[in-house]
Amino acid sequence: MTARSNPVGPNPARLWEAPLLLRILWAHETAGARPWHTDAALMLRLIRAGAVRVLRDARGPVAFIARQGPVVLALYVHPRRQGRGHGSALLEDAKGRCPQLELWTLQDNIPARRFYAGHGFVEIARGRGLGNDADLPDIHLAWQKECAA
């Protein structure tokens, strides 16, 4: 990997990057899960609030995390850049900024559940999917920084 292809950051997202971040999100979402303008308005609001951090390479954003306080709202890596540690870098950055984190993932999303378990997240509840776009059963996961003895 050359220096040009190595991601820089994580750093705060910029407003003009919203369309690029939405492309990363939509590469993972079922088409038509929500109207596009709903995602766009939320992304812009989160970027303005400083809640989105991005990893970039020479071509632009390759991954992002959106977080409000301890709640991870989204963590996505461009499909062509998965498996290179970008998600881990974003999650470790978030852990360094907040002593506890929580998120929801779909019960059927085994790769995500393995990823979060590998980063110390534990299951704290299960849901029936009433609050997610897919209307599928989900799992509430949490991580807390260990206290020194």
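Is Tyr116 buried or exposed, and what is its relative accessible area? In this predicted model, Tyr116 is buried, with a relative accessible area of 8%. That residue makes a good starting point, since its ring has partners to meet.

Three aromatic pairs turn up when the whole structure is searched. One of them joins Phe115 and Tyr116 in an edge-to-face arrangement, with 5.1 Å from centre to centre and 75 degrees between the planes. Tyr116 also pairs with Phe121: the ring centres lie 5.4 Å apart and the planes stand at 65 degrees, and an angle over 60 counts as edge-to-face, so this pair is edge-to-face. Through such ring pairs, Phe115, Tyr116 and Phe121 are linked into a cluster. How buried or exposed are the partners of Tyr116, namely Phe115 and Phe121? Phe115 counts as partly exposed, at 25% relative accessibility, whereas Phe121 counts as buried, at 5%.

Attention now turns to the helices, beginning with α2. This helix covers residues 36–48, which makes 13 residues. From the first C-alpha of α2 to the last, the helix reaches 18 Å, close to the 18 Å expected at 1.5 Å a residue. Which residues of α2 are buried? They are Asp39, Ala40, Met43, Leu46 and Ile47. Looking down the axis of α2, one finds these buried residues within an arc of 135 degrees, so they line one face of the helix. What do the buried residues of α2 pack against? Their neighbours are helix α1 (18–26) and the strands β2, β3 (60–68) and β4 (71–77). Just after α2 comes Gly50, which takes a positive phi of about 75 degrees.

Helix α1 can be read in the same manner. Its buried residues are Ala18, Leu21, Leu22, Ile24 and Leu25. Seen down the axis of α1, these residues fall within an arc of 155 degrees, so they too line one face of their helix. The cover over the buried residues of α1 includes α2, β2, β3 and β4. Each helix thus appears in the other's list: α1 among the elements that the buried residues of α2 pack against, and α2 among those covering the buried residues of α1.

Charged side chains come next. How many salt bridges does a search of the whole structure find? The search finds seven. One of these joins the side chains of Arg53 and Asp93, at 2.6 Å from N to O. Arg53 lies in strand β2 (residues 52–57) and Asp93 in helix α3 (residues 86–97), so the pair ties together parts that are 40 residues apart in sequence. Both ends of this bridge are out of the way: Arg53 counts as buried at 13% relative accessibility, and Asp93 is buried with a relative accessible area of 17%.

A second salt bridge brings together the side chains of Arg14 and Glu17, at 4.0 Å from N to O. Here the ends differ in their surroundings, because Arg14 counts as partly exposed at 40% relative accessibility, while Glu17 is buried at 1%. Which residues are linked with Arg14 in a network of salt bridges? The network is made up of Arg14, Glu17 and Arg56.

A further salt bridge is found between the side chains of Glu123 and Arg126, at 2.7 Å from N to O. Glu123 counts as partly exposed at 40% relative accessibility, and Arg126 is partly exposed as well, with a relative accessible area of 47%.

The last stop is His86, a residue of helix α3. Is His86 buried or exposed? At 5% relative accessibility, His86 counts as buried. The side chain of His86 makes a polar contact with the side chain of Arg81, at 3.5 Å. How many residues along the chain lie between His86 and Gly9, and what separates their C-alpha atoms? His86 and Gly9 are 77 residues apart along the chain, and their C-alpha atoms are separated by 10.0 Å.

Key: Residues are numbered from 1 along each chain as its sequence is written. This is a predicted model: local features need pLDDT of at least 70, side-chain atom pairs count only at pLDDT 80 or more; totals for chains, interfaces and linings use all residues. Side-chain values use heavy atoms; hydrogens and water are left out. Buried means under 20% relative accessible area, exposed over 50%, partly exposed in between (1.4 Å probe, protein chains only). Helices (H or I, at least four residues) and strands (E, at least two) are DSSP runs, numbered from the N terminus. A polar contact is a pair of N or O atoms within 3.5 Å; within protein, one must be able to donate a hydrogen and the other to accept it, and residues adjacent in sequence count only if both atoms are side-chain atoms. The expected span of a helix is 1.5 Å times one less than its number of residues. The arc is that of the directions from the helix axis to the C-beta atoms. Contact means heavy atoms within 4.5 Å. Rings of Phe, Tyr and Trp (its six-membered ring) pair if their centres lie within 6.5 Å; planes under 30 degrees apart count as stacked, over 60 as edge-to-face and the rest as tilted.
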